[in-house]
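Reader: Could you take one part of this model and walk me through it slowly? I'd like a close look at how the side chains there sit together.

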Amino acid sequence: MGSLDATRAELGLVVLYLNKAEARDKICRAIQYGSKFISNGQPGTAQDVDRSTTLARKVFRLLKWVNDLHALISPPAKGAPLTLVLLGKSKNALLSTFLFLDQIVWLGRTGIIKNKEATDRVARISLYCWMASSACVSLVELGELKRLSKSMRKLARELRHTDKYENEQYQNKMKQSDERLLALVKAAMDVVVAIGLLQLAPKKVTPRVTGALGFVTSLISCYQVVATCLCVVVQVFFGDGSVRR
């Protein structure tokens, strides 16, 4: 039964992952940027896959802008520095704007809105919003990492007579630090991806560079969603020390 229980848990993780619209979006994103890397901006099958996947992803983001709008009007975490709060709220406002404008772009790309020039203009504005929100995320993660580092040093001094790596609180802070570092890397790379999509530095950030970085950040996003799903699966299947039936 141990092998069967493990199989059930693994399949439960896969089902939970694939049932998330966010997961499907990130898988499509990996295909999109992988195709962009292969095509390098040249006409062909890979470029066709890139364009069709880009359009398909917009369906997964319908009304997603509401999430960041809700976060924008929600009260900030207690004890958070004002600078980080403002950066976080700016990120929410910019990302919500990007996702909202992306709905208009989808209407234009599908032919519901006939004005191609206006659609292209809205698409560029939305990408600028995404680039700025990614920059805000980078700054927030840097600030949070600095705060975590300070609290970890303080805790390490308190635990100087014991093995700090055996302390649960210290382990949790290390885990948080790793998660925020990964989020920082992803956000910083997404800024470069946005620069590539906007063609602000076409000689340095080529379609192949954009595709490579976008593919990596897509894999990071997939991992982050998997990690969230894994926590749920562990709690459901093994939360009470035995698999629930």
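Author: Let's start with Tyr165, which is partly exposed at 46% relative accessibility, because that value falls between the 20% and 50% cut-offs. Keep in mind that this is a predicted model. Tyr170 is another matter: its relative accessibility is 7%, so it counts as buried. The two rings form an aromatic pair, edge-to-face, with 5.8 Å between centres and 85° between the planes. The count of aromatic pairs comes to 3.

Now for the helix here. H7 runs over 168-198, and Asn167 caps its N-terminal end, with a side-chain oxygen 3.0 Å from the backbone nitrogen of Gln169. H7 has 31 residues, which at 1.5 Å a residue should span 45 Å, and its end C-alpha atoms are indeed 45 Å apart. After H7 comes Gln199, with a positive phi near 55°.

H7 also gives two or more residues to the largest nonpolar core, as do H5 (82-109) and H6 (116-158). That core has 12 residues in all, among them Tyr33, Leu95, Phe98, Trp130, Val191, Val193 and Leu198. Tyr170 belongs elsewhere: a second, separate core of 5 residues includes Tyr170 along with Met152, Leu155 and Leu159.

Back in the largest core, have a look at Val193. Leaving out residues up to four places away in sequence, Val193 touches Tyr33, Trp130, Thr210, Leu213 and Gly214. Tyr33 and Trp130 are themselves members of that core.

One last ring to check: the charged end of Arg208 sits over the ring of Phe37, 5.2 Å from its centre.

Conventions
Residues are numbered from 1 along each chain as its sequence is written. This is a predicted model: local features need pLDDT of at least 70, side-chain atom pairs count only at pLDDT 80 or more; totals for chains, interfaces and linings use all residues. Side-chain values use heavy atoms; hydrogens and water are left out. A nonpolar core is a set of buried Ala, Val, Leu, Ile, Met, Phe, Trp, Tyr and Cys residues joined through side-chain atoms within 4.5 Å. Buried means under 20% relative accessible area, exposed over 50%, partly exposed in between (1.4 Å probe, protein chains only). Helices (H or I, at least four residues) and strands (E, at least two) are DSSP runs, numbered from the N terminus. Contact means heavy atoms within 4.5 Å. Rings of Phe, Tyr and Trp (its six-membered ring) pair if their centres lie within 6.5 Å; planes under 30 degrees apart count as stacked, over 60 as edge-to-face and the rest as tilted. A charge sits over a ring if NZ of Lys or CZ of Arg is within 6 Å of the ring centre and within 35 degrees of the ring normal. The expected span of a helix is 1.5 Å times one less than its number of residues. A polar contact is a pair of N or O atoms within 3.5 Å; within protein, one must be able to donate a hydrogen and the other to accept it, and residues adjacent in sequence count only if both atoms are side-chain atoms.
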